[in-house]
Number of protein chains: 2
Amino acid sequence: MPRWEPNAAGRLQDAALELFAQQGFERTAVAEIAARAGLTERTFFNHFANKREVLFGPTSERHQQTVAREIVACPAGTSPLEAVVHGLQEAADEMLEGLRASAARRRKIIEATPELQEREEGKRAALAAAMAHALRERGLDTDTALLTARAGLLIEQTAERQWVQPGARHTLRDLLSSALSSLRAVINGGPT
Amino acid sequence: MPRWEPNAAGRLQDAALELFAQQGFERTAVAEIAARAGLTERTFFNHFANKREVLFGPTSERHQQTVAREIVACPAGTSPLEAVVHGLQEAADEMLEGLRASAARRRKIIEATPELQEREEGKRAALAAAMAHALRERGLDTDTALLTARAGLLIEQTAERQWVQPGARHTLRDLLSSALSSLRAVINGGPT
C-alpha cells in the first residue's frame, strides 16, 4: 500500500524547479526529483505523467476552467474582450497571485528549453480554446470568439511576462489592465 | 555519389502530404514517404531532419525572413502594426498565394495531430520573434515591438484560417487586411 504523503505534488514541483534551475531540464531525471523531494519515483508518477508535466500539470487545467467560468459569469453588457480580461483577473487573484516567485523560476526554465516552449504554446492554445468556448456561450459567433480569445491570450502573455520580472511589484490583476491598454494603443496607434 | 534528383524536396513534401492525409501522421514512416516520391530514405534525410520537418521545413524560415525584411523596408510614417501587416502581405504574395491547396491539406493534418500543433505554435513564436526584431530596427522599444508582433501574428492566424477554408476565394493579402479590421473591432468593441 502506498503511504499517503502530505502535499506530494507541491514538494515534487518545488524539487523539480530547483533541479531544473541548477542543472537544466534535460539533465534532470525523475529519480533525482523524487529523491530531492524525499519521495519515491512511484509517487512521482502517481502525480505526473512525465518530467515535463511537473511544469504543466493540473494547475493549468484548473486555470483554464476558472477563466472560462468567470467569462460566462461576467455581467451582460460587458464587451467580449473585457469579459475575457475579467476572467483572467479573477483567475489571477484566485490561483496565481501568491505564486509569483515560483512562476518566475518556471518562466526561466521554460525560456531555456525549446521543448518546453513548444509545450507551453500548446497550453496557451488550450487556454484560448477554453476562452473562445466561453465566449460562444455568451452568444458570440465562432470567428469573433476565437479572435477575442486570442487577443485575451496576448494580454495574458504580456501581463505575465511583466509580473515575473525581477523586482516587479504590480499585481497580475493590474498588469492585465495595463496590458489591455497597451494593446489598444498598438492597435489604434499612429506612426512612430 | 548521390544522384541529383530534380525538385526532391517538393516531391517529398507532396508525397508526405498525401500519405499523412490518407493514413495519419503517426502511421506514416519516412521510408514510405521516400518510396511514394520515388526517392531513397537517404535523399529524404538530405532534405529534412525528420518526418515532422517535411511540414515545417525551410519554407517557414524563408517566410520569416521575408516578413522581417519587408517590415524593415516599409516607408517611415507607417504605424508599426501596419508595417507588420504590410510585411505579411508582401510575403503572402511572394511565397504563399500559389500554395493554397497544399496549405489547406497541411492545415488539416496539423489539426489532427497534437504533436504537430505544438510544433506549429513554436514556429509561430519564431515568426513573432522575427517580426519583433524587425520592429526594434524601426526604433520601437522591446515591449511594444513584442506586443505589436504578437498582434500581427494574431492577424496572420486569422487570415490564414480563412484562406484555407474550402471554397475560400479571397487572396491571403485581402484576408490579412480584413483580419486587421476585425481585430480593431474586437479591441474597440462595445457590449454584445
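**Figure 1. Burial and overall build of chain A in a predicted model.** Buried residues make up 50% of the 192 residues in chain A. The model is predicted. Chain A has nine helices and zero strands. Along the sequence, the pattern of chain A reads α-α-α-α-α-α-α-α-α. Its C-alpha atoms fill a box of roughly 55 × 40 × 25 Å, taken along the principal axes. Consider the contacts in chain A between residues at least 6 apart in sequence: 65% of them join residues at least 24 apart.

**Figure 2. Chain B against chain A.** In this view, 35 residues of chain B are in contact with 35 residues of chain A. Glu118(B), Leu147(B) and Ile187(B) supply 23% of the area that chain B buries against chain A, more than any other three residues. The area buried between the two chains is about 3,000 Å². Carbon and sulfur atoms give 60% of that area.

**Figure 3. Polar and charged links across the interface of chains A and B.** Two salt bridges are counted between chain B and chain A. A salt bridge joins the side chains of Arg161(A) and Asp143(B), at 3.0 Å from N to O. Five residue pairs are in polar contact between the chains, both residues being at pLDDT 80 or more. Which elements give two or more residues to the side of chain B that touches chain A? They are helix H5 (80–96), helix H7 (114–137), helix H8 (142–163) and helix H9 (172–188) of chain B. H8(B) gives the most, with 13 residues. By class, this side of chain B has 12 nonpolar, 15 polar and eight charged residues.

**Figure 4. The two copies and their axis.** A turn of 180° and a shift of 0.0 Å along the axis lay chain B on chain A, with an RMSD of 0.0 Å. That is the relation of a two-fold axis. Through which surface do the copies meet? 100% of the interface residues of chain B are also interface residues in chain A, so the copies meet through the same surface.

**Figure 5. Surroundings of Thr66(B).** Thr66(B) lies in helix H4 (residues 58–73) of chain B. Is Thr66(B) buried or exposed? Its relative accessibility is 6%, so Thr66(B) counts as buried. The side chain of Thr66(B) reaches the backbone oxygen of Arg62(B) at 2.8 Å. Leaving aside neighbours within four places in sequence, Thr66(B) is in contact with Ala91(B), Glu94(B) and Met95(B).

**Figure 6. Surroundings of Glu156(B).** Helix H8 of chain B holds Glu156(B). This residue is buried, with a relative accessible area of 12%. Glu156(B) touches Leu88(B), Arg124(B), Leu127(B) and Leu176(B), not counting residues up to four places away in sequence. With one of these, Arg124(B), the side chain of Glu156(B) makes a side-chain polar contact at 3.3 Å. Gly122(B) gives a further reference point: Glu156(B) and Gly122(B) are 34 residues apart in sequence and 15 Å apart in space, C-alpha to C-alpha.

**Figure 7. A salt bridge between helices H6 and H7 of chain A, and a network****.** Over all chains, the count comes to 32 salt bridges. In one of them, Arg106(A) pairs with Glu120(A), the closest N and O atoms being 3.9 Å apart. The pair links distant parts of the chain. Arg106(A) is in helix H6 (residues 100–111), Glu120(A) is in helix H7 (residues 114–137), and 14 residues separate them. Glu120(A) counts as buried, at 8% relative accessibility. Which residues are linked in a network of salt bridges? They are Arg106(A), Arg107(A), Glu120(A), Arg124(A), Glu156(A) and Glu160(A).

**Figure 8. Two salt-bridge pairs in chain B****.** The side chains of Arg36(B) and Glu18(B) form a salt bridge at 2.5 Å, N to O. This pair links distant parts of the chain: Arg36(B) is in helix H2 (residues 30–36), and Glu18(B), 18 residues apart from it, is in helix H1 (residues 8–23). Arg36(B) is partly exposed, with a relative accessible area of 39%. Glu18(B) is partly exposed too, with a value of 30%. The other pair is Arg100(B) and Glu97(B), whose side chains meet in a salt bridge at 3.6 Å, N to O. Arg100(B) counts as buried at 19% relative accessibility, whereas Glu97(B) is partly exposed at 23%. The cut-off explains the split, because buried means under 20% relative accessible area.

Note on methods. Residues are numbered from 1 along each chain as its sequence is written. Chains are lettered from A and ligands numbered from 1 in the order in which they are written. This is a predicted model: local features need pLDDT of at least 70, side-chain atom pairs count only at pLDDT 80 or more; totals for chains, interfaces and linings use all residues. Side-chain values use heavy atoms; hydrogens and water are left out. Contact means heavy atoms within 4.5 Å. Buried area is the accessible area (1.4 Å probe) that two parts lose on being put together, summed over both. A salt bridge is a side-chain nitrogen of Lys or Arg within 4 Å of a carboxyl oxygen of Asp or Glu. A polar contact is a pair of N or O atoms within 3.5 Å; within protein, one must be able to donate a hydrogen and the other to accept it, and residues adjacent in sequence count only if both atoms are side-chain atoms. Helices (H or I, at least four residues) and strands (E, at least two) are DSSP runs, numbered from the N terminus. Ala, Val, Leu, Ile, Met, Phe, Trp, Tyr, Cys and Pro count as nonpolar, Asp, Glu, Lys and Arg as charged, and the others, Gly among them, as polar. Copies are superposed by least squares on the C-alpha atoms of residues with pLDDT of at least 70 in both. Buried means under 20% relative accessible area, exposed over 50%, partly exposed in between (1.4 Å probe, protein chains only).
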